[in-house]
Amino acid sequence: MRMEKTKVSAGILEKKYAALIAFGIIAAIIPLITPSIYIIHVLILAHIFVIYAASWDILTGYTGQLNLGHAMFFGLSAYVVAITNTMLNLPLLLSTIAGVFSAFLLSLLVGVPCLRLRGPYLAITTFSFSWILFLLASSAMIWLSGGEEGVRGVKTFVVGSVPNYYLSLVLMILSVYLLYRIASSETGLILKAIKEDEDAAMACGIDTTRYKLLAFILSGIFAGIAGAFYAQYMRIVTVDVVTLELSASAITFSLIGGIGTIVGPAIGAYMLTILFEGFSWLADYRILIYNLIIVAFVLFLPGGLISLKEKVNKKRKMVIGNDRK
Amino acid sequence: MIETLLSLTINGVLIGGLYALAALGLTIVLGVMRVINVSHGAFYTLGAYFTFLFSIMLGMNYITSFLLSALIVFAIGVVYERILIKPIRKEELNVLILTFAGAFVIEEIVKFTFGPRYRNIPPYLSGTVDIPGGSVDIQRVLSFAIAIGIVAMLFIILKFTKIGKAMRMVAEDEEVAGTLGINVDRVQMFSFGFGAMLAASAAALLSPIYLLYPSMGWDPLLKAFAIVIFGGMGSIPGTVFTGIIFGVAEVLTGYYISPTWKTVVPFLLLILIISIKPTGLFGEEE
């Protein structure tokens, strides 16, 4: 009895990698076993949203800079890719670079005034930036954005669902890995310190302004990568990419998965994207039930799914401790 | 030329007063509870639909409908705070997510109850008043007057009554207020209900002007956000002044530049002011 339980405890670390490898293998063979293009499509979207949610987490979950308008980075990049590719006839690679670069510039534009802001001021200012972008795309600059019709005819890097699936899978794993490495490094520690107590971090001699701006830039760039991939995969960019709902979904993905862990938001985005599609049989009640689930999570499991694991581990430790007595 | 400008400005002021009213509820909740209530727009929607329910579906007169809907939304706000906000109030981000999801839940419930189609409430008063360069509806003037009346009442409540003083104390310093024997939980519950009621009254006044639909609350919510931050958080004169500025800016942009740009301008103004003075126009330096 006792032996078995100690083994479990020692195996937790290995289990983490085992889970990752298992996911990798399953993800790699999914296109081979399912004939449904629809399922592949949903999974590609899930991959894109994983990058998007993880990029939100580095700024808000880690650094504590409440960003309510994350869709602006995703959306601007997607629009720039689509517009430069279709209207200026730039090669797709150049368009993609332009898209990600525009997200980078936007992160500076938003980040610099936001450095002095805290709490609700910051939240509402980030929100205002994204709302301006939405208003421009949906009405004021409709001649450029195409409004509901969108910008059509974007070229793709690879043709077909399955190649796009693998491309998005690689991009997702790479992005999440990079963000996770940054978050686990000394830089990540400093970002967390800023979140816990900015004044104390400053008192320790940390140039908080620099690190906050770095978090803005990282967040903007990765969201921009997700947006650029989305544009070339969907081949059409409409106002959907800058909506309030998309900004909100970055937050809900992260909350359900576990804010401030990078992996948590990634899991949350993956699961919720699939779940939301899976909810389609609920038809009219889909939005209601989706939001009720979010309310329930905030009230009863604010640490997200990833906190469940910690709870289980804690319980295990307690059991082992009792055994030793 | 000057007359057109004057007429437009008057129209802007009349609308801006109502925006200010919608924003005041948000200011109070922000000041007293330090939470961003994203459901504020949903309470606005509820206020409009309850006014519709009482005045059109049940055939009551406008004033009764107005008062009833304000009272009911107050009660809803109180219950909402007690059940949903209070347990998690210290977690800024969680409150934000919860009230966001809560707003969608309310919106969906409204959609299932009243249907997704557009509704309208006919003017409660017809006739116009002549002003230089044109005329305005008497209804708009009266609605503006009612809004200013509510703001004045709010000012008196905060200044002179016991609950108002308690609210200001809690806004100033929660812990000190607690040690002085103020029931902080109850004051916050009341403030939240009060904020919801202000949203509902603004909605009741604006609903004969605009159309009703389940997602109608987002637009005033976003404007209220901008107004609150622009005017300086927790400042009532700042909020009223900014509400009116936004109303005027919107009408002028709509006329002189283009109707599609009029919704963008308030947010551009906001970003401009916040880059210059991070605490807003009337906000105190930290």
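How many residues does the contact take from chain A, and how many from chain B? The legends below start there, and everything shown comes from a predicted model.

**View 1. Where chain A and chain B touch.** The contact draws on 32 residues from chain A and 33 residues from chain B. On the chain A side, the elements that put in two or more residues are α6 (119-140), α12 (244-257) and α14 (286-300) of chain A. Look for α6(A) in particular, since it gives the most to that side, with 15 residues. As for chemistry, the chain A side that touches chain B divides into 25 nonpolar residues, 6 polar and 1 charged.

**View 2. Chain A on its own.** Chain A is built from 15 helices and 2 strands. Its radius of gyration is 21 Å, close to the 20 Å that the globule rule gives for 325 residues, so chain A is as compact as a globular protein of that length. Laid along the principal axes, its C-alpha atoms fill a box of roughly 75 × 55 × 40 Å. Of its 325 residues, 45% count as buried. If you take the contacts in chain A with a separation of 6 or more, 79% of them come from residues 24 or more positions apart.

**View 3. Chain B on its own.** Chain B has 11 helices and 2 strands. Walk along the sequence and you meet them in the pattern α-α-α-α-β-β-α-α-α-α-α-α-α. A compact globule with 286 residues would have a radius of gyration near 19 Å, and chain B agrees, with 19 Å. Its C-alpha trace spans about 60 × 50 × 35 Å along the principal axes. Some 51% of the 286 residues of chain B count as buried. Among chain B contacts between residues at least 6 apart in sequence, 75% join residues at least 24 apart.

**View 4. Helices α1 and α8 of chain B, side by side.** Here α1 (residues 2-33) and α8 (residues 184-206) of chain B pack at an angle of about 170°, and their axes are 8 Å apart. Angles over 145 degrees count as roughly antiparallel, so that is the label for α1(B) and α8(B). The residues where α1(B) meets α8(B) split into 18 nonpolar and 5 polar, with no charged ones.

**View 5. B:Leu21 and its neighbours.** Zooming in on helix α1 of chain B, you'll find B:Leu21 there. Buried or exposed? B:Leu21 is buried, because 29 other C-beta atoms lie within 10 Å and 20 or more is enough to count. Leaving out residues up to four places away in sequence, B:Leu21 touches B:Ala147, B:Ile150, B:Val151, B:Leu198, B:Ser201 and B:Ala202. For a sense of scale, the C-alpha atoms of B:Leu21 and B:Tyr213 are separated by 20 Å, while the two residues sit 192 residues apart along the chain.

**View 6. The largest nonpolar core, and A:Tyr52 within it.** This core has 185 residues, and those with the most contacts inside it are A:Val50, A:Tyr52 and B:Ala200. The element that gives the most to the core is α1(B), with 16 residues. Which residues does A:Tyr52 touch? Setting aside residues up to four places away in sequence, A:Tyr52 touches A:Phe74, A:Ala223, A:Ala226, A:Ala250 and A:Ala269.

Conventions:
Residues numbered from 1 in each chain as written. Chains lettered and ligands numbered in written order. Predicted model: local features only at pLDDT ≥ 70, side-chain atom pairs only at ≥ 80, totals over all residues. Axes fitted to C-alpha atoms, helices over the stretch in contact; angles between N-to-C directions. Helix = DSSP H or I, 4+ residues; strand = E, 2+ residues; numbered from the N terminus. Parallel < 35°, antiparallel > 145°, perpendicular 65-115°, else oblique. Nonpolar A, V, L, I, M, F, W, Y, C, P; charged D, E, K, R; others polar. Contact = placed C-beta atoms within 7 Å. Rg over C-alpha atoms; globule rule 2.2 N^0.38 Å. Buried ≥ 20, exposed ≤ 12 C-beta atoms within 10 Å, placed from the backbone. Core = buried A, V, L, I, M, F, W, Y, C linked by C-beta atoms within 7 Å.
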